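Biologist: I am new to this structure and would like a close look at one part, namely whatever closed spaces a search of the interior may turn up. Please set the scene first, and then describe what surrounds them.

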Amino acid sequence: MSHPDSGRSGNEDSPVTQNIEPDALTRKRMAPTVNDAWRTGSPNLGLLPTDKVPLIGRDAEMTRLARLLTQSDQHGGVLLVGPSGVGKTRLATDTLAALAVTHRVVRIMATWPGQDLPYGSLSPTRLPRAGQGPVDLPATELLGALRQVGSSRTSTLLFMDDVHLLDPATAALVLELARQRVARLLVTLNAESPSTGAVTALWKDDHLRRMELGPLDAAATRRLATAMLGAPLARGAASWLARLSDGNPLLLRELARAASEQDLFRHSPAGWTLTDRVPLSVPLRELIARNVGHLDLAARDALELVVLAEPAPLPVLDELVPPEVLLGLETQELIRVDTMSSEVTSARLFHPLIGHVIRHSLPALRRRSHLRAWVSAYTSWSAGSAVDTLRVTGWRLDANDPVSESELLEAARYATDAHDLLSASRFTAAAWQHHPNTRTACAHALALIAVADFDSAIAVVDAAEAADGFPSQDLLAVRAREALLQGHFRRAEQIIAHLTGSQGRLFAGMASYLQGKFDRTLRLCGPLSDDHGEEHQLEAAIFQMAALLHAGRPNDALTLYEQVTLDRKSNSSAFHADSLDEMYAATLADLGRLAEAIDLLSCAYDRAITDRRIRIDAQRGLALGIVLFERGRPRQALDLFSLHPSYQVGWQQWHDRARVWATAATALLGRASEPALPPATDSFFLISHRIAQAWVAYLGGDRDRAAELLLLAAGTGRAQGAHADVALAVHEMARLGLAECARPYWDAPVQGFYLQARLDYARALATADIKLMRRTADAFTRAGAEVYAAEAYAEMAQMYRRVAQVRAATAAALQAKALASRCEGARTPALLLLDSVEILSPRERELVLLVSQGLSDKEIAERLTLSVRTVGNHFYRIYRKLGVANRRELQRAAFSVSQDSQL
């Protein structure tokens, strides 16, 4: 059977795909390079000078160091100890610069080993005054200068960097200074370098207090990476650099420099991203060579074995490497042993960058020999688990050894279960190349669709059909899936008409869901998800859960989830199996358990980012962003909705959905979205699309258009049986001052207190029911929907003012402000009323929101089709009601909530 050659692709972190350069599929996902961004006017990305980068992640250490240097105790100062590049000098100099306001600070420039210190050279150099700032002083002038210290010794700070480089005579002098307490000393020592007896005595004999400085934590390293480059990095790029550098600022700087010089950064709306290549440079190789260059052949072999199999199970490694060699590598801090479980321990590299350098410099034949050694030892030891199968199959492919069709497809299934889609594509490509048939063609085409390489997938299907002479049901199903995920519903339905049995019903149900026909989805997928022996049970259940959520039935969705997870192991490789946990999180959210949903999705998203799982990262991020939006975190959500070529799902409807939610998040911040929304089409997020359109219209001053869109959304939701979507539309009507319009939809049948609260909010506003509004506010607070709760308390305050209950109004307003302060600057009509002393009309609310966008009277008049005079009259009444004197005070009042939240 003829078919295109399949190339390798993979994540360099994965043991299955080590040392694999990005293939055409990976390159296709890359955005314009730094140079392209420069030509198109985007900001160029360059490394900032060290003195322009702030000290990050060392606040606690800086506070402790300053306290140790200034407190009176039995110690003569501090010995700051840490590995090379960890930032000892920077921490010391920044701390001393802060102390120089009240202390004399002198930096002693150390002599190099082998130089003689002329003790008799007494220099007339004067010590600096307090507040003058640190002064550099040659060590030869030290003794003469110290004669000036006298009674001010406790206010004089002497700093000596890299004390391990001192010759014995100078080291002895420093020790004597510490003994005599001539001044407070701050000395830095490289923990990786040998030191003389005098230097060791500084801390051993308790003359200086020893303070250890370790690597930065992951979060601080990510912030430092962004600061070094002077431009925002996408989360994945920052995490990747942090992981490679392992918290070492020097390595991080060299990695960022290498990536910039090698043009590995890509510009995107969400920040700069990195390609899959590891940035390596001569300085980086030299830094690594210091640790591995001295190794003999046996130690080098052992280290290479660990690199290729990390994490390397210790029982297997013991068969390949003499124990004294492993002990030597551990002693030199090149490897460390971690406990994977109660039974198995593994060897890992002490620093991840060492592995990348060795992996990229390993000769091909040597690499193949090591891999075959691993396969031989591992096969006899392993229990045949999914992880074992993945590793052994990957090693055999890398060694160019033959692998059977069943082994390749089993490995691909395991890789899919682990969300390693690139490895799954690699295994299926090998299966299709070496064992061409319909089964391997379907497997490879589905793997390609999973990473949105639709053209290559269809090319594989075409080749398989040409060889067979007819389209099989499985190949037709692949074509149907490709058409559905690209939103080509007419073509998909033509193909689905030729599918038979449960497969035909599943795809018909999928097509119905993606087009927003939820009742039909439930009818088609329900029987399949109830059949525990059904091949398509899991995928049918996922689409049924999604339809149940739109239908306002989260309790039923939760029951279905609990039922289907019992059978999940038997069919976990269904195409959309990775969406099951997202459906569970969405169910929790609709049940008013937003915090639980965020915790679940945050862990899944962080794991996908850390493991560099393409498509999964963006898919998880989109799901997380939606729940964060409900929570009242529009800025965090907006970052997750900003898809770009190296962070995307790749399926058109998912990208359109992200743009819709990005518009909603932008509107929650009080401004219209750019770029414009995608065209409105029949889809499972059509109601959300119309709600976002309504907000854009409202922010543009077209209140009538906003009402029309929201009524259309509610009507469409009712027609589709999407009662949860009806509740969303009703809630948005109330939020935009159209609660009375929602009256026909107040009684939408929904499950759970959270969805009911969205309906009750509109009812309470329209009927001025304070008790119902209080229950609604409490329900939103209980759910963790803080922006909705803040709005409910703000409206409640207005209701209390209307009936002259001032104390209750004040309490409700304070509660609203407290909640709104956590909502990242959200500005909505209700939140802009918190300081008003009288009730504003819907038109007046609209005007306040437009003022908060910075529009002039003339611009507002044009948007609302009013005269400037009429607008001025409205503002006169608004000033009186809000207790402000002019437009500036009005804008300040309008921004007060968002300003509080930024603090």
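Modeller: Two residues are in contact when they have heavy atoms within 4.5 Å of each other. Counted in this way, among the contacts between residues at least 6 apart in sequence, 70% join residues at least 24 apart. The model is a predicted one, and buried residues account for 57% of the 903 residues of the protein, which is built with 43 helices and eleven strands. The mean pLDDT is 81, with 84% of the residues at 70 or more. Some care is needed over residues 1-43, where the pLDDT is below 50, although in the model this stretch has 121 contacts beyond near neighbours in sequence. Residues 111-128 likewise have a pLDDT below 50, and their contacts beyond near neighbours in sequence number 44.

Turning to the interior, a search of the whole structure finds four cavities of 30 Å³ or more, and the largest cavity holds about 740 Å³ of space. Its lining is made by 35 residues, of which His550, Met583, Ala586, Ile626 and Arg657 are the closest to its centre. Eight helices each supply at least two residues of this lining, among them H26 (537-550), H28 (580-590), H30 (616-631) and H32 (652-668); helix H24 (501-514), helix H29 (594-610), helix H35 (723-735) and helix H36 (753-767) are the others. By kind, the lining of the largest cavity comprises 24 nonpolar residues, five polar ones and six charged ones.

The second largest cavity encloses about 180 Å³. Among the 15 residues that line the second largest cavity, Phe629, Trp661, Ala664, Ile691 and Glu732 are the closest to its centre. The elements that give two or more residues to this lining are H30, H32, H33 (686-699) and H35. In the lining of the second largest cavity there are ten nonpolar residues, one polar residue and four charged residues.

Helix H32 also takes part in the packing of aromatic rings, and that is a useful way to continue from the cavity walls. Trp654 is buried, because its relative accessible area of 13% is under the 20% limit, and Phe684, at 5% relative accessibility, is buried as well. The rings of Trp654 and Phe684 have centres 5.8 Å apart and planes at 55°, so this pair is tilted. The pair links distant parts of the chain, for Trp654 lies in helix H32 whereas Phe684 lies in the loop between H32 and H33, 30 residues apart. Both rings belong to a cluster in which ring pairs also link Tyr513, Phe518, Phe543, Phe575, Trp651 and Phe685.

A search of the whole structure finds 17 aromatic pairs. Another of these joins Trp374 and Tyr378, whose ring centres are 6.4 Å apart and whose planes stand at 65°, so it counts as edge-to-face, the term used for angles over 60 degrees. Trp374 and Tyr378 both lie in helix H16 (residues 364-381), four residues apart, which is about one turn of the helix. Trp374 is buried with a relative accessible area of 0%, and Tyr378 is buried with 2%.

Note on methods: Residues are numbered from 1 along each chain as its sequence is written. This is a predicted model: local features need pLDDT of at least 70, side-chain atom pairs count only at pLDDT 80 or more; totals for chains, interfaces and linings use all residues. Side-chain values use heavy atoms; hydrogens and water are left out. On a 1 Å grid over the protein atoms alone, a cavity is a set of points where a 1.4 Å probe fits but cannot get out, and a pocket is an open set with protein on both sides within 12 Å along at least five of seven lines; lining residues have an atom within 4 Å of a point. Grid points are joined across faces, edges and corners, and a volume is the space filled by probe spheres set on the points. Ala, Val, Leu, Ile, Met, Phe, Trp, Tyr, Cys and Pro count as nonpolar, Asp, Glu, Lys and Arg as charged, and the others, Gly among them, as polar. pLDDT is the predictor's confidence in each residue, from 0 to 100. Rings of Phe, Tyr and Trp (its six-membered ring) pair if their centres lie within 6.5 Å; planes under 30 degrees apart count as stacked, over 60 as edge-to-face and the rest as tilted. Buried means under 20% relative accessible area, exposed over 50%, partly exposed in between (1.4 Å probe, protein chains only).
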